[in-house]
Structures are given as structure tokens and as C-alpha cells.
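Trainee: I have a model open beside me and would like a close look at a single part of it. Could you help me take it step by step, beginning with the fold and then moving to the largest pocket?

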Amino acid sequence: MTYRSRRRGFAASAVLLALCATACGSSSSGAGSTPAPNPNAKESSPPGDIPDNQAFVRYTSPGGGFSVKVPEGWAQRSSGGAVVFTDKLNAIRIESHGAAAALTATTARRSEVARLAGSIKGFQPGTVSTVSRKAGTAVRITYLASAPANPVTGKAGTDAVERYAFFHKGRAVVLTLSGPKGADNVDPWRLVTDSLRWSG
């Protein structure tokens, strides 16, 4: 190989090395790279999710007999013999009445579900089961229903509803918890239903 040929070989190698360095540098930084996640970014939750830091206070029935925890700061109103607590898209309905015996899952499937279907708009049946809570055994009925219409758009979404029927010494207490379908309120709903206390 002549001196001139060796020089051309060295020059070509130098050009290749420079191109490689430029390409490697652009792949490790620049517009094509993935930015590091921001640890301070605010988490987005589905509509209707009750915040993890929500405080709860104890509500005592005016007639006595029981109390239950409800989210602090929620609006309270009376409706059809029940008391209802609401905040934005979620609601807790508390009703109580005399009863000769506890509701059973069998009776709920045979008659209660049909009654709800005939009185609730957009009713779609879910499951009927027996669950254990600190106040005792309850019959749990789940279903979907039409949510109240948005006052601005007039559109109504779909609510996921959980209805718990408790019984104690001739008195039934029904807790109905509702929120947008897809919201993750498993923990707060468990807190509420586990907080029922009998006082008589």
C-alpha cells in the first residue's frame, strides 16, 4: 500500500468515527429521547373517585338506634323518609324502618331486585350476596342506574350502586352508596358500611 493510499484510509476512518460519535450523541439526548417522569406531577383520578385524604364524621339517626360514618363536608338533605349525603357525583342514602325479620339473599333475588327494577331509571341488575360487616351480616345488592342529568349539558351518565340491608332487633337499616361507573370507591364504601353501630 502506498503512502497516499494509507492517508486516504486514515481519513475515511476518521470520518466514520466522527459520524458514529454524532449519531450516538443524538440518540442519548435530544428531541427523540423520552423525558424523565415528573415526581411532582399531579395524579389524575377518574371522575367520582373519593380522595384518599377524605375525613369522615359520625352521623347519628335522629330517632336513635344506630349511627354511621359519612364523609365530612358532604351536603345533607332529607328525601322520601331517608337522609342523603351528596358531593359532586357521589351519594350515600341512609334509610331505616321496622322489620319483622332480616332480608335474605333469596328474598332479595326474588322480590327486592324486581322492586328496584320497577322504580329506578336505567336499572341494570348486578349481583346479590351476603357480606359480613362489624354491625353484622348484610345483604348486598349491586346494580347500575342512570345518574342525575348534568345541569349544564343535560346528559346523564351511569352510576354503579351498592345497596346494603342490615337488621337488628326489629329494625332494618339500608345504606345505598352510588357513584359514577368506573370510579374506584371500594375503600371508602367499605369504611362506611363497616362503621354502622347499633345503639339499642
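Trainee: Which pattern does the protein chain follow when it is read along the sequence? After that, please walk me through the largest pocket and what surrounds it.

Mentor: Happy to. Please keep in mind that this is a predicted model. Read along the sequence, the protein chain runs α-β-β-β-β-β-α-β-β-β-β-α-β, with 3 helices and 10 strands in total. Of its 200 residues, 32% are buried. Contacts between residues at least 6 apart in sequence include 49% that join residues at least 24 apart. The chain exposes about 12800 Å², and carbon and sulfur atoms supply 54% of that area.

Now to the part you asked about. The largest pocket has a volume of about 850 Å³. Its lining counts 34 residues, and the closest to the pocket centre are Ala91, Ser146, Pro148, Asp159 and Ser178. Several elements give two or more residues to this lining: β3 (75-79), β4, β5 (90-98), α2, β7, β8 (158-168) and β9 (171-180). Strand β5 gives the most, with 5 residues. Sorted by class, the lining of the largest pocket has 15 nonpolar, 10 polar and 9 charged residues.

From two of those central residues we can step to a neighbouring loop. Gly122 is found in the loop between α2 and β6. Leaving aside residues up to four places away in sequence, Gly122 touches Leu144, Ala145 and Ser146; Ser146 is one of the residues closest to the pocket centre. Asp159 is another of those closest residues, and its C-alpha lies 9.4 Å from that of Gly122, although the two are 37 residues apart in sequence. As for burial, Gly122 is partly exposed, with a relative accessible area of 36%.

The aromatic rings are worth a look too, since two of the pocket-lining strands carry members of ring pairs. The count comes to 2 aromatic pairs. In one of them, the ring centres of Tyr59 and Phe85 are 5.4 Å apart and the planes stand at 70°, an angle over 60, so this pair is edge-to-face. Tyr59 belongs to strand β1 (residues 56-60) and Phe85 to strand β4 (residues 82-87), so the pair ties together parts that are 26 residues apart in sequence. Both Tyr59 and Phe85 are buried.

The other pair is Phe123 with Tyr143: their ring centres are 5.0 Å apart and their planes are at 40°, so the pair is tilted. This pair also links distant parts of the chain, with Phe123 in the loop between α2 (105-119) and β6 (124-133) and Tyr143 in strand β7 (residues 136-146), 20 residues away. Phe123 has a relative accessible area of 16%, which is under 20%, so Phe123 counts as buried. Tyr143 is buried as well, with a relative accessible area of 6%.

The loops beside the lining strands hold a detail that a backbone check will bring up. Most residues other than glycine have a negative phi. Lys88, which is not a glycine, has a positive phi of about 60°. Lys88 sits in the loop between β4 and β5 and is exposed, with a relative accessible area of 81%. Lys169 also has a positive phi without being a glycine, with a value near 50°. The place of Lys169 is the loop between β8 and β9, and at 69% relative accessibility Lys169 counts as exposed.

Two further spots show parts of the chain far apart in sequence with a C-alpha distance worth noting. Ala101 lies in the loop between β5 and α2 and is exposed, with a relative accessible area of 52%. Its C-alpha is 8.4 Å from that of Ala172, which is 71 residues away along the chain. Val186, in helix α3 (residues 186-194), is exposed at 57% relative accessibility. Between Val186 and Ile50 there are 9.6 Å from C-alpha to C-alpha, for two residues 136 apart in sequence.

If you go back to your display now, a good place to begin is strand β5, which gives the most residues to the pocket lining. From there, go to Ser146, among the residues closest to the pocket centre, and on to Gly122, which touches Ser146.

Conventions: Residues numbered from 1 in each chain as written. Predicted model: local features only at pLDDT ≥ 70, side-chain atom pairs only at ≥ 80, totals over all residues. Heavy atoms only, no water. Helix = DSSP H or I, 4+ residues; strand = E, 2+ residues; numbered from the N terminus. Buried < 20%, exposed > 50% of the residue type's maximum accessible area, 1.4 Å probe, protein only. Contact = heavy atoms within 4.5 Å. Areas by Shrake-Rupley, 256 points an atom, 1.4 Å probe, with all protein chains shown as cover. Phe/Tyr/Trp six-rings, centres within 6.5 Å; stacked < 30°, edge-to-face > 60°. 1 Å grid on protein atoms, 1.4 Å probe; cavity = no way out; pocket = protein on both sides within 12 Å on 5 of 7 lines; lining within 4 Å. Points joined across faces, edges and corners; volume = space filled by probe spheres on them. Nonpolar A, V, L, I, M, F, W, Y, C, P; charged D, E, K, R; others polar.
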